[in-house]
Amino acid sequence: MNYNNIISDFIDGVTTITINRPTKLNALNRATILELNAAFKAAESDFDTQVIIITGGGEKAFVAGADISEFAHFGPEQGSLLSREGQDLLFDFIEALRTPVIAAINGFALGGGLELAMSAHFRVASENARMGLPETSLGLIPGYGGTQRLTQLVGKGRALELIMTASMIDAQKALDYGVVNYVVPQEELLATCYALANKIKSNSPVAISAAIKAVNAHYTDGLNGFEVEISEFGKCFGTQDFEEGTSAFLEKRKSKFPGK
Ligand code: COA
């Protein structure tokens with residue numbers, strides 16, 4: 001599929017999706033959200049894609065937020081719809097993918113940008129990255145899951161401070177807070193993510209999907225994470241990956257997971 005606002009590349013088991021509106025600091029307009037939804041869907045249904053990396057084009061921004069010019073004239077109903085549609089199409093969608101998603105934060109990740117990064121399964125930042133949820137400075141609150149996911153990652157006090165002050169934190173503080181797992185020089189950002197992807201790729205895709213489901217259950221209303229874990233753990237025993245993983249261990253060889 002041809003995209004206007006993003007680029008999707010596949011190399012060696014990894015699909016890298018790059019938001020490509022650098023002159024607008026990769027701000028998320030509706031067209032970009034729809035293209036991202038299509039690209040993530042395509043990567044998820046591609047059996048050869050074992051890891052997805054999401055990053056921003058250019059050296060300045062991952063994503064500087066939702067596109068303010070698109071919603072500046074909205075009323076309350078359109079505002080609710082914007083939030084619901086965005087969460088369904090992109091943010092909740094990414095979090096629930098079976099395929100692991102790493103956010104490579106290469107610069108500003110503000111508002112919807114940080115919300116997008118927080119929807120990924122984990123994050124790596126470049127040293128120049130700056131993150132925040134500045135929506136209250138626009139008379140809004142975060143609407144793409146930011147109030148929930150930032151609180152999950154950093155706790156209530158830090159999340160509310162960041163939201164109420166609309167301030168940005170640098171990459172080092174994001175690391176201290178646990179928003180990102182690593183901070184690396186910008187020129188090493190993608191290589192670091194590919195190295196992590198390679199480690200993930202050596203493990204069972206079926207087990208990794210089950211782990212995502214079980215961990216996500218902790219944050220899903222009405223689900224008991226321990227019960228989901230028991231169920232997913234049990235299901236693993238019926239997979240070819242389990243057969244291969246245990247046989248390889250006992251035969252003292254490296255496993256070659258069929259991903260089934
Ligand atoms: N929505 C729409 N356009 C945006 C945008 C956003 N969230 N963030 C940046 N842009 C656009 C700017 O309007 C500008 O476009 P123009 O050149 O056509 O005028 C371009 O991207 C470059 O941004 P600029 O503000 O000139 O860069 P800067 O280096 O001076 O400042 C930021 C960088 C990130 C501090 C600043 O762009 C900013 O505060 N952006 C908004 C952040 C925000 O509030 N996000 C939450 C939205 S809910």
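In which loop does Asp-12 lie? I began with this residue, keeping in mind that the model is a predicted one, and I found Asp-12 in the loop between β1 (6–11) and β2 (14–19).

**Entry on backbone angles**

I looked up phi for Asp-12 and noted a positive value of about 50°, although this residue is not a glycine. Most residues other than glycine have a negative phi, which is the reason I wrote the angle down. I then checked the accessibility of Asp-12, which comes to 58% in relative terms, and because exposed means over 50%, the residue counts as exposed.

I noted a second case at Lys-252, which is not a glycine either and has a positive phi of about 55°. I located Lys-252 in the segment after α11, and with a relative accessible area of 77% I entered Lys-252 as exposed.

**Entry on the ligand**

I turned next to the surroundings of the ligand, where I listed 15 residues, and of these Lys-24, Lys-60, Ala-64, Ala-66 and Ile-68 come nearest. Sorting the shell by class, I wrote down 9 nonpolar, 2 polar and 4 charged residues.

For the polar atoms I recorded three distances. A polar side-chain atom of Lys-60 lies 2.5 Å from an oxygen atom of the ligand. At Ala-64 I found a polar backbone atom at 3.0 Å from a nitrogen atom of the ligand, and at Ile-68 a backbone N or O atom is likewise 3.0 Å from a ligand nitrogen. I also looked up how much of the ligand is covered: on its own the ligand has 860 Å² of accessible area, and the protein covers 59% of that.

**Entry on two helices**

Which residues of helix α6 are buried? In α6, which spans residues 156–165, I found Ala-159, Leu-162 and Ile-163 to be buried. These residues cover an arc of only 95° around the axis, so they sit on the same side of α6. On the face of α6 turned away from this buried side I noted the exposed residues Gly-157 and Met-164.

I repeated the reading for helix α11, residues 240–250, where the buried residues are Asp-241, Glu-244 and Ala-248. Here the arc around the axis is only 65°, which again puts the buried residues on the same side of the helix, α11 in this case. The face of α11 turned away from the buried side carries Glu-243, Phe-249 and Leu-250, which are exposed. I keep in my notes that Asp-241 and Glu-244 are listed among the buried residues of α11, whereas Phe-249 and Leu-250 are listed among the exposed ones.

**Entry on cysteines**

How many disulfides does a search of the whole structure find? I obtained 0 from that search. I then looked at two cysteines by accessibility: Cys-193, at 0% relative accessibility, counts as buried, while Cys-236, at 22%, counts as partly exposed. The value for Cys-236 is to be read against the cut-off, because buried means under 20% relative accessible area.

**Entry on Arg-84**

Last, I looked up Arg-84 and found this residue in helix α3, which runs over residues 76–95. Its relative accessible area is 60%, so I entered Arg-84 as exposed. I also took the separation between the C-alpha atoms of Arg-84 and Gln-186, which is 33 Å, the two residues being 102 residues apart along the chain.

Conventions: Residues numbered from 1 in each chain as written. Predicted model: local features only at pLDDT ≥ 70, side-chain atom pairs only at ≥ 80, totals over all residues. Heavy atoms only, no water. Disulfide = S-S within 2.5 Å. Buried < 20%, exposed > 50% of the residue type's maximum accessible area, 1.4 Å probe, protein only. Near = heavy atom within 4 Å. Polar contact = N/O pair within 3.5 Å; in protein donor to acceptor, adjacent residues only side chain to side chain. Areas by Shrake-Rupley, 256 points an atom, 1.4 Å probe, with all protein chains shown as cover. Nonpolar A, V, L, I, M, F, W, Y, C, P; charged D, E, K, R; others polar. Helix = DSSP H or I, 4+ residues; strand = E, 2+ residues; numbered from the N terminus. Arc of directions from axis to C-beta.
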